[in-house]
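This briefing covers one strand, its pairing partners and the nonpolar cores around them. Please look over the sequence and structure before reading on.

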Amino acid sequence: MAFEGLGSKLQDALKKLKGKGKLNEKDIKEAMREVKLALLEADVNYKVVKKFVSAVSEKCVGKEVLESLTPGQQVIKIVNDELTMLMGNSESKINYDDKGLTVIMLVGLQGAGKTTMAGKLALHLRKKNKKPLLVAGDIYRPAAIKQLQTVGRQIDVPVFAMGDKVSPVDIAKAAIEHAKNDGLNVVILDTAGRLHIDEDLMQELKDIKASVDPNEILLVVDAMAGQDAVNVADSFNSLLDISGVILTKLDGDTRGGAALSIREVTGKPIKFAGMGEKMNDLEVFHPDRMASRILGMGDVMSLIEKAQAAIDEKEALELGNRMMNQEFNYEDFKDAMAQMKKLGPLGKVLEMMPGVNSKELKGLDLSQSEKEMKKTEAIINSMTIKERKNPNIISSSASRRKRVAQGSGTSIQDVNKLIKSFEQMKKMMKQMNGMQKKAKKGFMGKLPFM
């Protein structure tokens, strides 16, 4: 889980301040010592840590914090603001070409995940109504071209390839002409990597850059590499003048050193973060939202955007109306679960909820919750259409419940448990509906926003 170790330690350090009514310089000094250790353990660059702690300490010992009625909250706000600034302050968008064709060149070491990331980026851009073309420019790594073609088929994005006997520079030039002729407006160049930075690799990348003048040169680095990722970013930037960074495997990086150091060391923004293995597991990097996640304050905006992208608004509205009007049935229950599953794994959804501590989240057996959802789905699937649409039929017949249990590979107790949960949900919706009607009749109903 992203920033798990760092987030937990920072939250623990700041929680001690939160519980105090008054703070003095000694309290701040002790807390900053813990913050410093947490950042160093997270593999954040030492110079970055020193600068960060100094900036936070200076602001925290100010009169407005120490004499505040809520000094702990003030310190947390300062830490949050400084973390946000450290990672770039605001979202860094892709620099699209005004003339119509945008060229994005992906660079990086071998094994960083460039080819897969090219596909993820193409899918992300296609969802933004762009028309991307993937270009197989890695002619050295065995099966690199084939891998990109497989990725292209998987996401339904065209791939331009000329085999492994043509120079990458010529491939890049030909790809741009092909994109223009086919009415495509974004070219994503997948370039070759090496196991380490060498002169041949850099010269080839410089030649491609000189021949096609890309709008973006995005460096793909493995977040789990920590300080090594920062050193790689610094080297590529000094030789190619990259425009941004894409961090892969950020979901598996419990430390977060690379994400917190790259911007400060290179001066270049993190534009995207890979948050999983699936092709749609790519997120725009928002420094403010990431800082909130680290400090256990959630990421409601990303959760809303995720829901808007994954859930059909019309279906959700109809489902909500049915629930409030007591027309909710097992078919609707199944649809609601399907909508929830579109948001992704439960752990990732909970991570975005405010107040969820990463340490507490780690202790939860989320796999059990997901198993229960699968079990519920199996039970509903074993009901007849008539039973799903008329919940009373199944709850009033023991023989039907027995048949459903056998058909779903569960027990009668499991079926009874689902029926009980369903009835409780209906009861709760009835109460909410009643409260809403009362509010409309009374004072609340007279307010314009109601």
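Which residue stands opposite T248 in β6? That residue is D222. The model is a predicted one. In it, β6 spans residues 244-248, and its pairings and its place in the nonpolar packing are set out below.

**Strand pairing**
- β5 (residues 216-222) pairs with β6 in the parallel sense, over five bridges.
- Between β5 and β6 the chain passes through helix α10 (residues 227-240), and this β-α-β crossover is right-handed.
- β6 is also joined to β7 (residues 270-274) by three bridges, and these two strands run parallel.
- F272 in β7 is the bridge partner of I246.

**Burial of β6**
- Five of the five residues of β6 are buried, which leaves the strand mostly covered.
- G244, I246 and T248 point one way from β6, while V245 and L247 point the other way; all are buried.

**Nonpolar cores**
- The largest nonpolar core contains 76 residues, and F236 and L247 have the most contacts inside it.
- This core lies between domain 1 (4-87) and domain 2 (102-285), because both domains give residues to it.
- Beyond its neighbours within four places in sequence, F236 is in contact with V107, G108, L109, I197, L201, M202, L205, L219, D241 and I242.
- A second, separate core has 25 residues, among them I104, I155, I188 and F272.
- F272 therefore appears in two settings here: as the bridge partner of I246, and as a member of the second core.

How values were computed. Residues are numbered from 1 along each chain as its sequence is written. This is a predicted model: local features need pLDDT of at least 70, side-chain atom pairs count only at pLDDT 80 or more; totals for chains, interfaces and linings use all residues. Side-chain values use heavy atoms; hydrogens and water are left out. Buried means under 20% relative accessible area, exposed over 50%, partly exposed in between (1.4 Å probe, protein chains only). Helices (H or I, at least four residues) and strands (E, at least two) are DSSP runs, numbered from the N terminus. Two strands pair if DSSP finds at least two bridges between them. A crossover is right-handed if, with the strands pointing away from the viewer, the path from the first strand over the helix to the second runs clockwise. A nonpolar core is a set of buried Ala, Val, Leu, Ile, Met, Phe, Trp, Tyr and Cys residues joined through side-chain atoms within 4.5 Å. Domain bounds come from an automatic or database domain assignment. Contact means heavy atoms within 4.5 Å.
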